[in-house]
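Subject: A structure for you to explore

Hi there,

Here is the structure I promised to pass on to you. Have a look at it first, and then read my notes underneath.

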Amino acid sequence: MSRAMDWTPSSVIHWLFDSRNGPTGRFLSRWIFLRALGAIYFSAFFSLVFQIRGLIGPEGILPASEYLKSVAEQVGHARYWYVPSVLWFSSGSHTLTGLCWIGMAAAALLVLNIWPRGMLAVCFACFLSFVSAARDFSGYQSDGMLLEAGFLSLFLAPGGFRPRLGENRPPVRAAPYLLLYEWFRIYFGSGVAKIAGGDPEWRNFTALDDYYQNGPLPTWIGWYVQHFPHWFHTATTFFTLALELVLIWSAFLPRPFRIALFFVVTPWQIGIILTANYTFLNYLVLILAFLLLDDRFLIRLSPAKWKQPLLARSNPASIVSTGAADPLSVMAQPLSPPADEARTRKDTSRDGWQNIRFWLAPLRVALMAVFLAWIFYATTAQMVWMIMPGAPLPTSPVALLDPFRIANRYGLFAVMTRGRYEIEFQGSDDGQTWIAYPFRHKPQELDKPPRIYAPYQPRLDWNLWFASLGEWRDNPMVLRTERRLLSNDPDVLALFASNPFPQGPPRQVRAVLWQYWFTSLSEKREHGLWWRRELLGLYAPAIQLDQGGRVGVTQWPEPMPPHE
């Protein structure tokens, strides 16, 4: 029996938010995306397990316990909404470490496709718990991207303990839409930010002339690309704007355009990964693009020995038939179920649990519709405000979701940095001879090539790059780090490559500011140096402890010329 088109509100709601009407023919792309998402979650928790105690532990730089106590005093019971975190129950060292291990275990099980929905929920709860309590160490757009993608993936993932491809459990149709919408907003929002930010370097196509040198944590490949001719940097600047503002709209066009877009953005993201360490950000953007593809396309690229098993497990109509409808297209029509199918559903005998699920289905669909529509509104409103500041849209729905970081505003590299500045911590026993604390990942040794280590994220190193562009008074973590180094705190010392004062803490600690440049090709060839640098002066006060354990300032920094 043919199925008639039905555009009633009820049918549209069921079409978007009822998994029984979810799109078929996209099980492979879902499978690939969820495995890769698990790997990204694993990388996030893996990097944290070595750092979290030094960052927000009881003896860390910005203890979570201090922050949570302050929030509780200010907002009372509302603290659980404004700072959603399991660390309210305990924020001790063992709890913080356990949070990371639980997150890694859940991420590994997600990679292995074991109870994906449950593991996604655990990963989301653990990562949100850290992000909510970490303050300066979690204020990155990449953290919001991962939380938003991780939450929406709960509606994408198949149910069951070992679902394999989940061909009998299609996703809620709104879930891949919203994930692709997040992917689109990352690109388009960044393009809008570059234009709206007013930075003349983007308008003059000079934004990438020093980009590879001045980014947070460069790579050795970026060193070589930096020395490409000026026309290359001009062309890549133009293409960046064209991709983010124009080409990215192909995500909403029919299937051939989306596949073509995939082959444009994928090598682009790989190029960024090789030339700059932006933690897991570009990996996440890279894997979101796989949602542009369908099973019909992916099976054609699969090895011959995999094709028959995949064809047998997937929907043949959506794979083999070249004229099959695009299941993810916004032009797909919501259809009413045929009468005999509906009658069969009503007459089929069910056990107790199936009966409960049957009667709860309308409530589940309604709640899903309200919540996912809420996320769509909050994300759209923020994008509208980027284009039209002050647009008269309700702000309360956006503010209510803000603590959960699942409806974010994105805009990368709105203003390019004009120079590379590095904060270095130094200790001394006599106030004359100063020894530097060596970093694990930041530029410091001039003859050491900058490495590729993303998606690993060294959060102290990363934060110090941002702090170097401002003043020490606006970055209290710098002075707090100095104070911890005066005590040889082991958790904070673990954030560095080694302890230059193993016999006991130094009497004084200070933070100085350097400016760095890539060496030229001739300098590299003659001296083997990747960097050259110049000392600009004291960044933050030099401090020491008196006999009573109180902090005293031995030298105050002098005003520095503007640097950005």
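Let's start on the surface of this predicted model. Trp220, Tyr224, Ile270, Leu274 and Ile452 together make a nonpolar patch there of about 430 Å². Two helices, H12 (220–226) and H14 (255–275), each supply at least two of the patch residues. Leu274 is a good one to click on: this residue lies in helix H14 and is partly exposed, with a relative accessible area of 37%.

Next, a word on confidence. The average pLDDT of the chain is 89, and 88% of the residues score at least 70. Residues 1–5 fall below 50, and this stretch has 10 contacts in the model beyond near neighbours in sequence. Residues 330–349 also stay under 50, with 25 contacts beyond four places in sequence. Where pLDDT is low, the predicted coordinates should not be read in detail.

Now to the sheet. In what order do the five strands of the open sheet run? The order is S2-S1-S3-S4-S5, and the pairing is antiparallel. Strand S2 (435–436) and strand S5 (551–555) are the edge strands, so called because each pairs on one side only. Further in, strand S3 (residues 508–518) and strand S4 (residues 531–545) pair in the antiparallel sense over 10 bridges. You can find Trp517 standing opposite Arg532 in S4.

Trp517 also turns up around Gln213, a residue of helix H11 (residues 211–214). Is Gln213 buried or exposed? Gln213 counts as buried because its relative accessibility is 9%, and the cut-off for buried is under 20%. Leaving aside neighbours within four places in sequence, Gln213 is in contact with Pro218, Gln226, Arg420, Tyr516, Trp517, Phe518 and Trp531.

That brings me to charged pairs. Side chains of opposite charge can pair when their charged atoms come close. How many salt bridges does a search of the whole structure find? The search finds 13. Here are some that you can look up:

- Arg480 and Glu66 meet through their side chains at 3.2 Å, N to O. Arg480 lies in helix H23 (residues 476–485) and Glu66 in helix H4 (residues 64–75), so this salt bridge ties together parts that are 414 residues apart in sequence. Arg480 is partly exposed at 29% relative accessibility, and Glu66 is partly exposed at 40%.
- Asp294 and Arg255 form a salt bridge at 2.4 Å, N to O. Asp294 sits in the loop between helix H15 (281–288) and helix H16 (295–301), while Arg255 belongs to helix H14, so the pair links parts that are 39 residues apart in sequence. Both Asp294 and Arg255 are buried.
- Glu422 and Arg420 meet in a salt bridge at 2.7 Å, N to O. Both Glu422 and Arg420 are buried, and Arg420 is one of the residues in contact with Gln213.

There is a network to look for as well: salt bridges that share partners join Asp199, Glu201 and Arg418.

If you would like a route through the model, try going from Leu274 in helix H14 to the buried Arg255 in that helix. After that, go to Gln213 in helix H11, and on to Trp517, opposite Arg532 in S4.

Happy exploring, and best wishes!

Definitions and conventions: Residues numbered from 1 in each chain as written. Predicted model: local features only at pLDDT ≥ 70, side-chain atom pairs only at ≥ 80, totals over all residues. Heavy atoms only, no water. Patch = residues over 30% accessible without salt bridge, like charges linked within 9 Å, V, L, I, M, F, W, Y side chains within 5 Å. Areas by Shrake-Rupley, 256 points an atom, 1.4 Å probe, with all protein chains shown as cover. Salt bridge = Lys/Arg side-chain N within 4 Å of Asp/Glu carboxyl O. Helix = DSSP H or I, 4+ residues; strand = E, 2+ residues; numbered from the N terminus. Buried < 20%, exposed > 50% of the residue type's maximum accessible area, 1.4 Å probe, protein only. Contact = heavy atoms within 4.5 Å. pLDDT = per-residue confidence, 0-100. Pairing = 2+ DSSP bridges.
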